[in-house]
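Me: I would like to understand how the terms used for a protein model are justified. May I put some questions to you once the structure is shown?

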Amino acid sequence: MNDFQATKYRLQTVATGRTFEDKGWMLDDTDCEHPSLIRAVYDCKQINPKPIEHGIYRFADWLPISRTLKGSCAPVTYKSKGLAKHLGLKNLYITFNGYYPAIGAHMSTCSFKETEAFSVCARLSEKHYGKVLVVASAGNTARAFAKVCSDNNIPLLLSVPEDNLDALWFDAPLNDCVKLIASERGGDYFDAIHLSNLALKAKGFFAEGGAKNIARRDGMATTVLSAATHIGRIPDYYFQAVGSGTGAIAAWEANLRLIEDGRFGNHKMKLIVSQNAPFVPMYNAWKAGSREMLPYDDNQARIDVEHIDAKVLSNRKPPYGIKGGLFDALVDTGGDIMIATNEEARAAKKLFLDLEGVDIYSAPGVALATLIQAVENNSIDKDKIIMLNVTGGGESHFKKNRGLHYLKPSAVFPINPDPDEVVATVSKLFA
């Protein structure tokens, strides 16, 4: 532990409003009869960002953490010139999460998943020491957690689809405290989640928690804190591509805290989130007016995942309908879900590189493609303040003149693995 004073907060159940103490790594309210997210309610009601050298912990007032870790960077927000002029937008602000030293962005994994990892791992307390954190990922989340845990000597078991292993690149070999298992080729993110759930049956392993973990959401919320504190007010529109929708939920929650702060406005950003066609389960549910996800054949879902560029957007079981989830966020903010094809996202990525000077990933390419659609169909007010959350970029900048090291799986399992075999294998990895 370091000398950081733990942030003071209580937990609140979205469905009931009940507040209670966090007894450590709580992911649910056991007194709530219906599925609901819980939120952190911070003692500090007005955010007071620390200097930039504190990294993501410059927003520690609104992070549920007991310590700080080395190596973090905060999202960087700037007012666009090239892209804004091209689109005819007077107030386009880009929140960049990645590696682009020219604007002060230094996330070495090139993804906003670092905001999750540095917050979640800083929530860990002494009682977790000696236990193994388990994280399932489609790629970028795994890279971020691997980097943070390796640098800070935190035992970690990753579960990633074998088809996505090329995302696990690093500029140096990882600490041996980080291990990887994979679901065989043809599997997707949902299969990796299933595999991780089996691994959790092993003694001494515990779940990171995904969207239910307040630290994950509040880490991602720093994107909006970056934007609002830079601009001086809450944006009017928020654009982001989503796989689980957790980042958009986090943006909504940050918005509510900023309203309570009282210095950034009292309005809610219109959340415009996007999916990569043909994998669009949340879009289909939203357009059908359904809180519940619609039926989606497993095999068809895997086929659709194979056809999208933005593999990180391929969550089949997102926190969409749960109380406090994406459905509620969209309803509360008057938001919408849009879709973009691979071709549209590729064109958007090229446009961003040409006009903003840095490469971006396919997921923010999807987000930008839908922003372009919104401009073209006049569904947004071009004079309003627009926040584009670029969730990852700068990989070509980072990899230039660097040797890369890839994390290899210690074991690859069938899509329907034997539970006992999984437990036995992962137990030996950390023996």
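Me: Why is C149 called buried?

Reply: In this predicted model, C149 has a relative accessible area of 0%. Buried means under 20%, so C149 is counted as buried.

Me: What makes C121 buried or exposed?

Reply: The relative accessibility of C121 is 0%. Because the limit for buried is under 20%, C121 is buried.

Me: How do you know that C121 is in no disulfide?

Reply: The nearest cysteine sulfur to that of C121 belongs to C149 and is 3.7 Å away. A disulfide requires two cysteine sulfur atoms within 2.5 Å, so C121 is in no disulfide. For C149, the nearest cysteine sulfur is that of C121, and C149 is likewise in no disulfide. A search of the whole structure finds zero disulfides.

Me: What makes a set of residues a nonpolar core?

Reply: The members are buried residues of certain kinds, Leu and Tyr among them, joined through side-chain atoms within 4.5 Å. The largest such core here has 48 residues, of which V224, L258, L271, Y320, L326 and I337 touch the most other members. Elements that give two or more residues to this core include β1 (9-13), α7 (246-261) and β14 (270-276). The largest share, seven residues, comes from α7. A second, separate core has 38 residues, including L83, L89, A241 and I386.

Me: Which residues are in contact with Y320, leaving aside its neighbours within four places in sequence?

Reply: Among them are M282, W286, F327 and I337. Contact means that heavy atoms lie within 4.5 Å.

Conventions. Residues are numbered from 1 along each chain as its sequence is written. This is a predicted model: local features need pLDDT of at least 70, side-chain atom pairs count only at pLDDT 80 or more; totals for chains, interfaces and linings use all residues. Side-chain values use heavy atoms; hydrogens and water are left out. Buried means under 20% relative accessible area, exposed over 50%, partly exposed in between (1.4 Å probe, protein chains only). Helices (H or I, at least four residues) and strands (E, at least two) are DSSP runs, numbered from the N terminus.
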